[in-house]
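Please look at the structure shown here with its side chains in view. The report that follows takes up charges over rings, aromatic pairs and cysteines.

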Amino acid sequence: MPHQLSAFLDRRPTPDEARALARIEPGAGLDELVDVAGELRDRGHGNLVSYSRKVFLPLTHLCRDICHYCVFAQPPKKGEAAYMPLDTVLSQARLAAAAGCKEALFTLGDKPELRYKAAREGLAELGHESTLSYLREAAERVFSETGLLPHLNPGLMTAGDIERLRPVSPSMGIMLESVSLRLHEKGQAHYGCPDKVPHRRLETLRLAGEARVPFTSGILIGIGETREERIDALLAMRDLHDEYGHIQEVIVQNFRAKPETRMADAPEPTLEDLLWTIATARLVLGPEMHIQAPPNLSPGVLPQLIAAGIDDWGGVSPVTPDFVNPEAPWPHLERLAEETADAGKTLVERLTVYPEWALDGERWLDDGRGQSRAIRRLGGVRAAVLQRIDATGLPRTDEWSPGEQTPPPRDVLNAVTAPVARNGNGSGHGAVAGVSAPVLAILDRAGSGEDLTQDQIATLFRARGADFTAVCSAADAIRREVNGETVSYVVNRNINYTNVCYFKCQFCAFSKGKLSENLRGKPYDLELEEVMRRTVEAWQRGATEVCMQGGIHPDYTGETYLGICRAVKEAVPEIHVHAFSPLEVWQGAATLDMPLHDYLLLLKEAGLGTLPGTAAEILDDEIRAIICPDKLNTDQWLEVMETAHGVGYRTTATIMYGHVDGPRNWARHLLRLRDLQKRTRGFTEFVPLPFVHMEAPLYLKGRARKGPTFREAVLMHAVARLALHPWFENVQASWVKMGPEGVAACLRAGVNDLGGTLMNESITRAAGSEHGQELPPSEMEALIRSAGRVPRQRTTPYGTPPPERVETSFQAAELAAVLNTRTGPLRLVRPGLEADGS
């Protein structure tokens, strides 16, 4: 059999082939089994090993079963409450939340009220008829009052039980333990345990699949079962998962003999037996399944468990013991991270619901409709999970969000600048301790100027730990090669001439009016005289550019934009006009029934100099259908840009990320920009714009994340530098969204430009940003110098401004108060919908 194991790198074993694995003995056969399992683990989960930071809440120790190995279940004791009081549940949950826990693990015996009068009386005092009813109340209170996400292990459940519990828990579980009926014979581990009968537990697993509940299960090894019976249990779970797709993890738990139990003297599984079981589970269940082994039950050998195929340590609590295995303390998280690193892996935190299910909340998580006001207010567990995760479905582990004053997480800041051990080839990333081989190969490819594929770019966006540091270092090496130590910026003024817009972009908190998502402030539409006044003031303060964009006002036509350009050039002929998103250009051309090419030429004659590459959002129509369905679609945005480049315009390119998108969408976006740039060479820079969530309709409706995490925001700049090299020379960071410390980090991860001083910033502030309206040249240059770089004032197309402009910019007077003219249709152009024929 061993010589055939490599075949299972490409397929799962059949049931007969799986059962044949039972014959593998310690030695060469086990070594090969472990090697194959480890390769499968890496294919499915890369270099990550996860854990959940949890609090253990034993709602009751009463149980109607009498498993011969268990110390969790206890008979009623005089003077002791049968159930943990709700006040105690909530106080422990609050302590856990304060300690950074995200999961509340509810453990309890199986239906003790069917056996014990004390349980029935205890439930009556609590106002409940069943243990599961009290569990429902406790889970709801913990969820709604502490923010912890409940994971419920209540034992056997009916379809009705699952339906009642699903709204208060993103995940549940039941240990299958074994499918061996022999274990129910007299003298065996499950004798006298009606709730451990295999077909009954499998039925609960099946019902959970029908109810679309992310579910945990597993096997308990060493309680008298044979290897073949373990494999049969794994195959049974595989069949259910193949049908429903709901088993998010399979636990391989090794029996530990405990004093005062009937199995106190039973032999425990050997390390070789545990490794065989983990490796066999990996082969049987395949590379994608999450396989867990509790770290507190195997101290000192954790790297070997990883090598055998596990990718998860389960729940680890910094505040409560393991009530099921009280003799085995949890490992300290720092020690767990060290032992994980010893196996060449990176320890990452997860939620109780695994990433694949968290990211597909529409299918797997309850939205709270029809539930209590407290649950509806949170948007159900679906919104609660979405707002706790990053783009890969793992939890946000700090409080930073774009636009807020919260300092960036220190660990990520340190990782950006951490030293990277380099080999002698001068590439800047080479052979690096702890960096995964796939990431190193991708960085080598990017460093040599070769095009990266979608999968390779997506891999870089998922980088963590040493991989993250290596990505930042490689991006900065390219930045140094292309741009040197200079960091550029432009003195400009933003003029947002109207915030009235008839589009319904779900990320936007700027637009106002009956046809938009009304949020903050009053609708306005600037008079041309005010546009001209602001332009003159900008010039007097040293600006070389006015950057102008606005909402799509229903009364605007292509003539409106031409008039704005002419007014600006009349006010200050020398100033550069950087204006109009591709959406505005498209709408302007459409309202005049004019081809894009011809309308762009008219704008050029009117004084337009360059175009901002906004309205790109995510250049992937599966995301645009969610966030901006009536806006330009991907092909239309690219068409405007290619046409603009064709008539001589230079433009910027942007991405607005961190809402409902992810690495695959980001990769597609970059590839589409890269491909257009190869044809036209028309883009001057790439500008990542992280989603600012605070006032965005999509977030307030519970349908978006809190913007990118700080790690993701830094990676967007770094990966863009790598993926767009050598076609894009400049990568810009937004100080309005990233803040000073965020900008400093990005300057060490591939960024060479900080955009404009702005003078007036409206759009990001409307979304809730706290980083101000202007960063004057003195402060801009101080920020650049603090990062060890050399500041350079530039023009819009990256030229050198006249010395008079630079000198004037450092002597600017205070801005006068702005005047936003209040506003009270013509044909409404919604190109995204029209392209679909709708």
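## Charges over rings

In this predicted model, Lys604 is placed over the face of Tyr649, at 4.2 Å from the centre of the ring. A second arrangement of this kind involves an arginine, for Arg794 lies over the face of Tyr798, at 4.0 Å from the ring centre.

## Aromatic pairs

Across the whole structure, a search finds 10 aromatic pairs. In one pair, the rings of Phe683 and Phe728 have centres 5.5 Å apart and planes at 20 degrees, and because planes under 30 degrees apart count as stacked, this pair is a stacked one. The two residues are 45 residues apart and link distant parts of the chain, with Phe683 in strand β16 (residues 683-690) and Phe728 in the loop between α28 (710-724) and α29 (735-746). Phe683 is buried, with a relative accessible area of 3%, and Phe728 is likewise buried, with a relative accessible area of 3%.

Aromatic residues also gather in a group, since Tyr497, Tyr556, Tyr561 and Phe580 form one cluster.

## Cysteines without disulfides

A disulfide is a covalent bond between the sulfur atoms of two cysteines. The structure holds 0 disulfides. Cys193 is in no disulfide, and its nearest cysteine sulfur, that of Cys67, is 3.7 Å away, whereas a disulfide needs the two sulfur atoms within 2.5 Å. Cys193 is buried, with a relative accessible area of 3%.

Why does Cys472 form no bond with Cys746? The sulfur of Cys472 has its closest cysteine sulfur in Cys746, but this lies 8.6 Å away, which is too far for a bond. Cys472 counts as buried, at 0% relative accessibility.

Technical notes:
Residues numbered from 1 in each chain as written. Predicted model: local features only at pLDDT ≥ 70, side-chain atom pairs only at ≥ 80, totals over all residues. Heavy atoms only, no water. Buried < 20%, exposed > 50% of the residue type's maximum accessible area, 1.4 Å probe, protein only. Phe/Tyr/Trp six-rings, centres within 6.5 Å; stacked < 30°, edge-to-face > 60°. Helix = DSSP H or I, 4+ residues; strand = E, 2+ residues; numbered from the N terminus. Lys NZ or Arg CZ within 6 Å of the ring centre and 35° of its normal.
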